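Me: Could you take me through one small part of this protein up close, and then tell me how it sits in the whole chain? Keep it chatty, please.

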Amino acid sequence: LYDEIRDDPLYTRLFELANVHTAEGFGCDVPENAYEQMAGAIEDEEDWAEIRDEDWFTAAQATADEQDFFHWELEFPEVFFDSEGEKMGEAGFDAVVGNPPYFNLETIKGTPANEYLRERYAGIYSGKADILYFFFEKASDLYSENGSLSFIVSRYFTEAYNAKHLRESVTDTQSIASIVDFNNNQVFDGVDTLTVIVNIRKSISDDQTTIIQLDDGLQSDGSAIANALTELNTGGTVNYGSTYTIPASSLGRERWLILPKETREVKSQIERAGQRLGKFCRTGQGMMTGLNEAFTVTSDEISKWNIESEVLQPLVKNGHLRPYLYRGADKELIYLENKNINDYPNTKDYLLNYKDDLENRAKAGDVKWYRFQNPINKDLFEEYEQKIICPFIATDNRFYLDDIGLYNDGGDIEIIIQNS
């Protein structure tokens, strides 16, 4: 039956109509009366053939092919519609399970896809949002009222400032049934990302959210992790993990504190008794080049191209920092903010190898091709002889007092300067 439906010419025309609608979000110009035209012609193949000859229609279908549009309700009609073609009351999948990609919108800024996400998901959009934000939003439309959603994603969204609107959206309309926190255990080979599994339901009836927390003692061993999860999910106990509940109401717009009750109480006591660092210090994230491979150079590259020393700065990355120590690598950073590249011909010759990629960066229209994509907080690097540097995200305290003028290329460190 499904194959028969897919072979129906009317079904093909519905796909093409859906392509036109979606292509508008990708910048295709569609006449105001286009949908009226398509509605009047969709039942007749000859009338539809005339519409297919329209330039705007051809452009929309080309965009659909280029962007690989996927229309869920048309691809899975039996999940959303009854035999009469009416939307079912329990429309949607019983379960949606996924592992969204791991990248943020900085990597696609300025593209049609980014503009579509900005328009389509304005409520949660942020220029630094991870792509997983939009997977959560889309998935909520795909599973049924009595269904469930389960994603394994970066743990970062549970605390990130830019994810506050996503957290609010998820918890306002759905219920967080449980969260599996892997802590520092890496569950994907070759991927250095802290992850959680979030299990969600549409019914907001759960007063408590179950937290399954695995300890670092599992040492990222896949078999050990699987065994621990099996035991904890069946009410057992393990040496390197625990299960507890937190009030579901504690998960909302603000940062999610995935902590046992005792730890949350200690944290609250500290916050009541102490004062926030921001009262005494200015803090800021490191700069972002937008193309580290161009701006980060080894001593061999410096020697080969005879890169001028005036444009080089010592590099600091998250991984270079230890408690009170900086363990730098054999690399330096080309830094041309407030400089004219024509004054440094050797550096220019080197960077010309990357010019096309540099010009294609997300914000290339806003910056010179040889400068950083987002030199955020650059004054913290340029104007202070001393600054405290720490990782932007860390599981232990790694603070270093910098008095040698370190610079950053990827926003993975935080700068702390005492207020004057």
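**A small sheet, up close**

Reply: Let's start with a pair of strands: β8 and β12 (residues 331-334) run antiparallel and are joined by three bridges. Strands here are DSSP runs of E with at least two residues, while helices are runs of H or I with at least four, and both are numbered from the N terminus. Two strands pair if DSSP finds at least two bridges between them. Within this pair, Thr296 has Leu333 of β12 as its bridge partner.

A quick note on the source: this is a predicted model, where local features need pLDDT of at least 70 and side-chain atom pairs count only at pLDDT 80 or more, though totals for chains, interfaces and linings use all residues. Residues are numbered from 1 along each chain as its sequence is written, and side-chain values use heavy atoms, with hydrogens and water left out.

Now add β9, and you have an open sheet of three strands, ordered β8-β12-β9, with antiparallel pairing. Because β8 (296-298) and β9 (312-314) each have a single partner strand, they stand at the edges, and one side of each has no neighbour in the sheet. From one strand to the next, the twist averages 45° (axes are lines fitted to C-alpha atoms, and angles run from 0 to 180 degrees between N-to-C directions).

Stepping back, the protein has 17 helices and 15 strands. Its C-alpha atoms fill a box of roughly 75 × 65 × 40 Å along the principal axes. Of the 420 residues, 41% are buried (under 20% relative accessible area, with a 1.4 Å probe and protein chains only).

Note on methods
Buried < 20%, exposed > 50% of the residue type's maximum accessible area, 1.4 Å probe, protein only.
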